[in-house]
Amino acid sequence: MGDLVGDLNANLPCHSTGDHQLDKAIYQWITWDKNPRTRAQIEALVQEGRLEELRRRLCSRMSFGTAGLRAAMGAGFALINDLTIIQSTQGMYKYLAKYFPDLESRGLVVGYDTRGQEASNCSSERLAKLTAAVMLCKDVPVYLFSKYVPTPFVCMSTSLSGTRNVVVKDRSHKLPYAVKKLGAAAGVMITASHNPKEDNGYKVYWENGAQISSPHDKEIIRCIEESTEPWSEAWNENLSDSSPLRRDPLEDICRSYMEELKLVCFHRELNARTPLKFVHSSFHGVGHEYVQQAFQAFGFSPPIPVPEQKDPDPEFSTVSCPNPEEGESVLELSLRLAEKEGARVVLATDPDADRLAVAEQCDNCRWRVFTGNELAALLGWWMLFNWRETHPDPADTQRVCMLATTVSSKILKAFAEMEGFQFEETLPGFKWTGNKMPELEKEGKVVLFAFEESIGFMCGSMVRDKDGVSAAVVVAELAAYLDSKNLTLSQQLANIFEIYGSHISKTSYVICRDPPTIKKIFTRLRNWDGEGVYPKSCRGYSISQVRDVTTGYDSSQPNQKSVLPVTKNSQMVTFTFQNGIVATLRTSGTEPKIKFYTEFCAPPGKR
């Protein structure tokens, strides 16, 4: 067998695989990767002749999903590691330099969570420093946080230039710090949020503070593919420690965040004297100290932390998975602590603190873990209730807008129809929600609340992404207010459904790691009774409408074209039944899951 393409390390017994594309990819990896551990992983696979595993790792690249680039940590162009982060940032630099003539004065924000994998010498902090090094070596200023932070801090940091209107208590009030804050061209957060411990990610925010969407995501990927060979200076992980272009925004952003958070605090005096106790778990992530500070900003006593989970731990050693959305099974330590301490409400933020789970102890001592849809009903009602307290003129309510992703509950739509404000629906993922907000604000709308069913909430417009820290303290204030009226969260939810109609939803998923199987499932749905013919019924229940945003088809529209943007790279089909049930089947944008969502919406006054 001939030698592998190019001049390989003479000490490595590599031979041609017979696959030119794979040979080239192996050569590039071994030539470019300066991380000894990930380089050794590829060398070992070559020596063992594991060609399929080599193809899986080396012959494809990551693409932007609903939360940026996300994959397992390890060696290969398809995974998260030093080399792919450097390549991604080189592509980012190339695109930003073309898009922003003033990039060298605006800079890039970089944050990170607490993830890591020793086997690959890969941690979020290290990847953040490499991200910074790529920009610094091109004389681009970098606002690199000096410690781990919640994802919303990065989102907020990219949108603090100029003056922005505060849209809850006083819309004419200008942020006093905004005129002198960052004004960065973009932001990068190294995180995989609630994914399994093996994963990490690269989440990109645009200058407006929202996650990137088309065409920026496609153009950045194109620039990455044109910038694959790493610059030698990019490997200098310690460049950020010595460069005069590196600044640490932690103190300013944390102070500014906590100050602006007070704009969605409506009952500070009540908070200070509430007898309610709260337990908080940060799921071994970044949330502990920031939730503590948020409670202080609202006048509360600090929540009781779950001691086994309050400190960072990349192994997430006390939970089967670091996703509080999984419910009671992963909240066990929190619930037991709450019972011991006499706390009625449990709050759990995911590892990067952008999602929030809530549980409440009921009269029978059982715990109720609220779904994301149920929490949205409570939070949406609460935000509107307080808006009206300070804006009694009905004309002000007409300026209000709330948003939800299309797979989420329609409860906000029911609110809007009865109360006279605007409701907007977006594709799944807060990148769509966040980018819708500037459009609405230009129209003079006040975005009070937005959510996605997967326990992601945005209270007010402080950030243009889901935010578990602010949601946690807003839920606490809601619970304290209700307690002062001798009501629980569960009782208020029942009141909401009594007024606006019950909204009963069921959401779940199946794991599927085989793309051909996924394609086969959705192809079958699209060709059920012949080519291009979708199912007309399910178990005897008639289907009245079909929407397929993967193909752009919507039977409810006169031109049969989807109003929502077409997303050819992901699968999503929605069936509306004659009895009013809506069911959606889609692939996750962050995990190997096929998700399904169903909801039945009763008319107002009906349960």
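**Helix packing and two sheets**

Helix H2, residues 36–47, packs against helix H3, residues 51–58, at an angle of about 145°, and their axes lie 8 Å apart. The structure is a predicted model, in which local features need pLDDT of at least 70, side-chain atom pairs count only at pLDDT 80 or more, and totals for chains, interfaces and linings use all residues. Residues are numbered from 1 along each chain as its sequence is written, and side-chain values use heavy atoms, with hydrogens and water left out.

Helices (H or I, at least four residues) and strands (E, at least two) are DSSP runs, numbered from the N terminus. Axes are lines fitted to C-alpha atoms, for helices over the stretch in contact, and angles run from 0 to 180 degrees between N-to-C directions. The crossing of H2 and H3 is left-handed, a term used if the near helix is turned anticlockwise from the far one by less than a right angle. On the H2 side, the contact (heavy atoms within 4.5 Å) is made by Gln 41, Ile 42, Leu 45 and Val 46. H3 contributes Glu 53, Leu 54, Arg 57 and Leu 58.

Next come the sheets. Strands of a sheet pair through backbone hydrogen bonds, either parallel or antiparallel. Here two strands pair if DSSP finds at least two bridges between them.

One open sheet has 4 strands in the order S15-S14-S16-S17, with mixed pairing. Strands S15 (422–426) and S17 (456–459) stand at its edges; each has a single partner strand, so one side of each is left without a neighbour in the sheet. From one strand to the next, the twist averages 15°. S16 (residues 446–452) and S17 run antiparallel and are joined by 4 bridges. Phe 451 has Phe 457 in S17 as its bridge partner. Helix H14 (residues 372–390) packs on this sheet, where it touches S14 (400–405), S16 and S17, and its direction makes about 170° with that of S16. Helix H16 (residues 411–419) lies across S14, S15 and S16 and runs at about 155° to S15.

Another open sheet has 5 strands in the order S10-S9-S11-S12-S13, and its pairing is also mixed. The edge strands are S10 (304–305) and S13 (367–369), each with a single partner strand, so one side of each is left without a neighbour in the sheet. S9 (residues 278–281) and S10 run parallel, joined by 2 bridges. Val 279 stands opposite Ile 304 in S10. Helix H18 (residues 468–484) packs on this sheet and touches S9, S11 (345–349) and S12 (356–361), with its direction at about 25° to that of S12.
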